[in-house]
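Good morning, everyone, and thank you for making room for me in the meeting. Please have the sequence and the structure open while I talk, and stop me if a term is unfamiliar.

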Amino acid sequence: MDSRERQLASRIARSQKVVVFTGAGISTESGIPDFRSPGGLWSQYNPEDFTYQRFLSSKEARVKYWQMSTTLYEILKKAKPNAAHRAVAELERLGKLDCVITQNIDGLHQAAGIDPHKVIELHGTALAVKCLQCDLFYERDPIQERISAGEEDPRCDTCGGLLKPATISFGQSMPEKETREAFRRAEASDLFLVVGSSLVVQPAASLPLVAKEAGAFLAIVNRDPTPQDSLADTVIYGNAGPVLSRVVEDLRRLLEADQT
Ligand code: NAD
C-alpha cells in the first residue's frame, strides 16, 4: 500500500460526507468495456450514429441502436460487481458513504449491496426500457425477447410510442431530479472521490469542480490521467479494484483503532 492510499484512507476516516463519483472505469474489471480506453466501445462504434436526434428521426438509426445496445446488454447482464464496487459498498457499511453518483448504466453498485436510494444514476439504466411518448417503463428482458423474436424497432404496448433503453444518449436531456440532486450532494460533500472516469463528459465532469470549490477534499482514482488531475488533492493511478480494496482495508483498521 502506498502513501497516497494511506492518506486517502485517513482522510475518509475523518470525513462525514463522502460522495463517490463513478464512471465506466469502475466496471471494466467486471468485464464491461469503457468507452474511451483502447479497445473501448468507441473504437468499435461511431458515437455520431447513436445520438438522440438520430434515434428519433430515423428507423435505420433505431435498428442500429438496438443492435449495439443488445450487444452491450448481453455483456452487462452477465457482469458481477467487482472488488471496487464491493469496496464502495463497504464504505456504506462503515457509515462513511453519503451517496454514489454514477455515470454507469449497469446497476452494479446496487448489485454490490448499496442501498438503491443512495445511488444516483446520472445517465439512466440499461436494465429498463422507456416509452419516449408516454414515459411508461418496461423491464428490459421482455423487450429483449421481442428483439430476439425479430422486432427491430419495438413500440409501446400502450400508446405505440418509440421504445428506447432507459439510458441517456448524446443529445438527450439529463434527468432533472438526478442532476439537481447530484450537484447538491457534490456541494455538500467533504470528500469527493472520483473512480474510473475520464472526466470529459459534461455536465457530469463539473461535479468534482463544484465539490472542490465548495471545500471538499478531491481524490481521483483512475488508470489514466484526467483533465482535472492538477486540481485534485490526491490522484492515484491504478486499477480501481485493488486500489480501493487496500484503501477500505486501511480505513477499517483506522476506524477499529479509533474505537479502542
Ligand atoms: P470513459 O470510458 O470516458 O473513461 C473511463 C476511464 O476509466 C478512463 O479514463 C480509464 O483510464 C479509466 N479506467 C478504465 N478501467 C479502469 C480500472 N480498472 N480502474 C480505474 N480506472 C479505469 O468513461 P466515463 O467517464 O464513465 O464516460 C463514458 C460514458 O459511458 C458514461 O456516460 C457512461 O454512461 C457510459 N458507459 C457506461 C458503462 C457502464 O455502465 N459500465 C460502460 C461504458 C460506457
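Let me begin with a question: at the start of helix 5, which backbone nitrogen does a side-chain oxygen of Asn82 reach? Please keep in mind, before I answer, that what you see is a predicted model. The nitrogen belongs to Ala84, and the side-chain oxygen of Asn82 comes to within 2.7 Å of it.

Staying with helix 5, which covers residues 83-93, we find that the helix is mostly covered, since eight of its 11 residues are buried. Among them are the alanines Ala84, Ala87 and Ala89, together with Val88 and Leu91, but His85, Glu90 and Glu92 are on the list of buried residues as well. And what do these buried residues of helix 5 pack against? Their partners are helix 1, strand 1, strand 2, helix 6 and helix 10, the last of these being residues 240-259. After helix 5 comes Gly95, whose phi is positive, near 80°.

Let me turn to the ligand, which is surrounded by 28 residues, with Arg36, Gln103, His123, Ser198 and Asp224 as the closest. At Gln103, a polar backbone atom is 2.3 Å from an oxygen atom of the ligand, while at Asp106 a polar side-chain atom lies 2.8 Å from a ligand nitrogen. A polar backbone atom of Gly196 is 3.4 Å from an oxygen atom of the ligand. Of the 860 Å² that the ligand exposes when taken alone, the protein buries 97%, and the space that the ligand takes up is the largest pocket.

My last topic is the backbone, and here a general rule helps: most residues other than glycine have a negative phi, and most peptide bonds are trans. Where, then, should we look for a cis peptide bond? The bond from Gln202 to Pro203 is cis, with omega near 0°, and Pro203 lies in the loop between strand 7 and helix 9. That loop between strand 7 and helix 9 also holds Leu199, a residue other than glycine whose phi is nevertheless positive, near 55°.

A positive phi of about 65° is found at Asp135 too, although Asp135 is not a glycine, and its place is in the loop between strand 4 and strand 5. Is each of these two residues buried or exposed? Leu199 counts as buried because its relative accessibility is 4%, under the 20% cut-off, whereas Asp135, at 45%, is partly exposed.

Note on methods
Residues are numbered from 1 along each chain as its sequence is written. This is a predicted model: local features need pLDDT of at least 70, side-chain atom pairs count only at pLDDT 80 or more; totals for chains, interfaces and linings use all residues. Side-chain values use heavy atoms; hydrogens and water are left out. Buried means under 20% relative accessible area, exposed over 50%, partly exposed in between (1.4 Å probe, protein chains only). Helices (H or I, at least four residues) and strands (E, at least two) are DSSP runs, numbered from the N terminus. Contact means heavy atoms within 4.5 Å. A polar contact is a pair of N or O atoms within 3.5 Å; within protein, one must be able to donate a hydrogen and the other to accept it, and residues adjacent in sequence count only if both atoms are side-chain atoms. A residue is near a molecule or strand if one of its heavy atoms lies within 4 Å of it. Accessible areas come from the Shrake-Rupley method with a 1.4 Å probe; for residues, only the protein chains shown count as cover. On a 1 Å grid over the protein atoms alone, a cavity is a set of points where a 1.4 Å probe fits but cannot get out, and a pocket is an open set with protein on both sides within 12 Å along at least five of seven lines; lining residues have an atom within 4 Å of a point. A molecule sits in a cavity or pocket if more than half of its atoms lie within 2 Å of its grid points.
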